[in-house]
Amino acid sequence: MREGHSWRNPKLSRRAFLGATVGASLVPLAPRLVAADEAVVMTVNGAVSPSDLGRTLVHEHVVVDFAGAALDSPERTDADQVFQTALPHLRRLRDRGVTTLVECTPRYIGRRPVLLQRLAKASGVRIVTNTGWYAAVDHKFLPAEAARLGVDEIASRWISEWRDGIEGTGIRPGFLKLGTGNGPLPPLDARLLTAAARVHRETGLTIFVHTGDGEAARDEVRYLQAAGVAPEALVWVHAQNDPGPIQIELARLGVWISLDGYSAAPVNTLRYPNLVVALRDAGLLNRVLLSHDDGWAVDGAQPTGNPITPFANGNPAPYESLFTRLLPDLKARGLSEAEVDQLLVINPREALTVRPRLLA
């Protein structure tokens, strides 16, 4: 998530962003029973086979709320309004051949699992949500008790969401989402990483970490390894924000390098192809993930007239520029269709696969 709301368009009217009229729903995605040792990806509509994911965007948002942990509440989100806003964009994404979206909004920043489930059923796009807490931005999005809870207490809360479902909904997370600032990391961030390591060892959930810079990413690897977790369990979210070449160093250790803030802005149209090609040339394309980090915010600069969600802003064409600009640029620089499939199908599948030990 890009704190600072870089995907907003302050000139965009609410009417324009609501977009096309909603058409007929596609067939809902049904949950199914899972064997204790079966490899799965957990979506908001239940477990699916990793081979069923297809093209996947690994870091997007449907809705976020930057008010802070003390104010976060489902009542701040007009679920019907968000549904009408997001559904046309998800359907267009499905028309582009994308069948899975990883929704990276963590708890206390607007995570809305029931709304995501509703959108997944209506759009035909599988959606994956998360557990975990987000410590970036001076701990604004952490619950007050985070400072006093021990590692085991924090881990047990996240494991409970995996085992029992999120907040009484029965919807299970498909990955862990944390957030850190720049390195060196403070003790509380280290404690959350250690708790995440314990959750990973119990559940197999991959650990996605919003990361300020390469020094913080090195710290994350160090804390996870100290807790007995291999670098392969870590997704370095926003790896594009470090000028490099630390991405190659950590990819060689096994870390997932997530280049996940792509837009058609000039800085991105140069940076992303360069990073992808450098990682490919180093033989590390199998550790690279791509996405936009697009979404829709409850708070913003534009009044909507709705007293519950008084502001709404977003990218008027979310989830598109990777397909309209980045992939053509990569192909022009020699990436094959097989390598594109590596980035959008194989790598996300590998990064999200878990064995649901605690569901037996």
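**Exercise 1. Contacts of Ile246**

Task: In this predicted model, determine which residues Ile246 is in contact with once its neighbours within four places in sequence are left aside, and decide whether Ile246 is buried or exposed.

Solution: Begin with the contacts themselves, which, apart from those neighbours within four places in sequence, are made by Ile246 with Gly214, Arg218 and Trp236. Next, place the residue in its element: Ile246 belongs to helix α7, which spans residues 246-253. A distance to Asp213 can then be added, since the C-alpha atoms of Ile246 and Asp213 lie 9.7 Å apart although 33 residues separate the two in sequence. Finally, turn to accessibility: the relative accessible area of Ile246 is 6%, and because buried means under 20%, Ile246 is classed as buried.

**Exercise 2. The side chain of Ser123**

Task: Establish which backbone atoms lie within polar-contact distance of the side chain of Ser123, and whether Ser123 counts as buried or exposed.

Solution: First locate the residue, which is found in helix α3, an element covering residues 113-123. On one count, a polar atom of the Ser123 side chain lies 2.8 Å from the backbone oxygen of Leu119; on another, a polar atom of that side chain lies 3.1 Å from the backbone nitrogen of Val125. With the cut-off for a polar contact set at 3.5 Å, the distances of 2.8 Å and 3.1 Å can both be read against it. As for accessibility, Ser123 has a relative value of 0%, and therefore counts as buried.

**Exercise 3. The sheet around strand β4**

Task: Work out in what order the three strands of the open sheet are arranged, which strands are at the edges, and how many bridges join β4 to β3 and to β5.

Solution: Take the pairings one at a time. Strand β3 (residues 55-60) runs parallel to β4 and is joined to it by four bridges, with Glu60 standing opposite Glu103 of β4. On the β5 side, where that strand comprises residues 126-128, three bridges connect it in parallel to β4; here Thr100 stands opposite Arg126, and Leu101 has Ile127 as its bridge partner. Combining the pairings gives an open sheet of three strands in the order β3-β4-β5, with parallel pairing. The edge strands are β3 and β5, each of which pairs on one side only, and from one strand to the next the twist averages 20°.

**Exercise 4. Crossovers, packing and burial**

Task: Identify the handedness of the β-α-β unit made by β3, α2 and β4, state which helices lie across the sheet strands, and explain why β4 is largely enclosed.

Solution: Start with the connections: β3, helix α2 (residues 79-95) and β4 make up a β-α-β unit that is right-handed. From β4 the chain then crosses through helix α3 to β5, and this crossover is likewise right-handed. Turning to the packing, α2 lies across β3, β4 and β5 and runs at about 135° to β4, while helix α10 (residues 337-352) lies across β3 and β4, at about 65° to β3. The last step concerns β4 itself, residues 98-103: six of its six residues are buried, so the strand is largely enclosed by the rest of the structure. For the wider setting, buried residues account for 58% of the 360 residues in the protein chain, which contains ten helices and 13 strands.

How values were computed:
Residues numbered from 1 in each chain as written. Predicted model: local features only at pLDDT ≥ 70, side-chain atom pairs only at ≥ 80, totals over all residues. Heavy atoms only, no water. Buried < 20%, exposed > 50% of the residue type's maximum accessible area, 1.4 Å probe, protein only. Helix = DSSP H or I, 4+ residues; strand = E, 2+ residues; numbered from the N terminus. Pairing = 2+ DSSP bridges. Right-handed = clockwise from strand over helix to strand, strands pointing away. Axes fitted to C-alpha atoms, helices over the stretch in contact; angles between N-to-C directions. Contact = heavy atoms within 4.5 Å. Polar contact = N/O pair within 3.5 Å; in protein donor to acceptor, adjacent residues only side chain to side chain.
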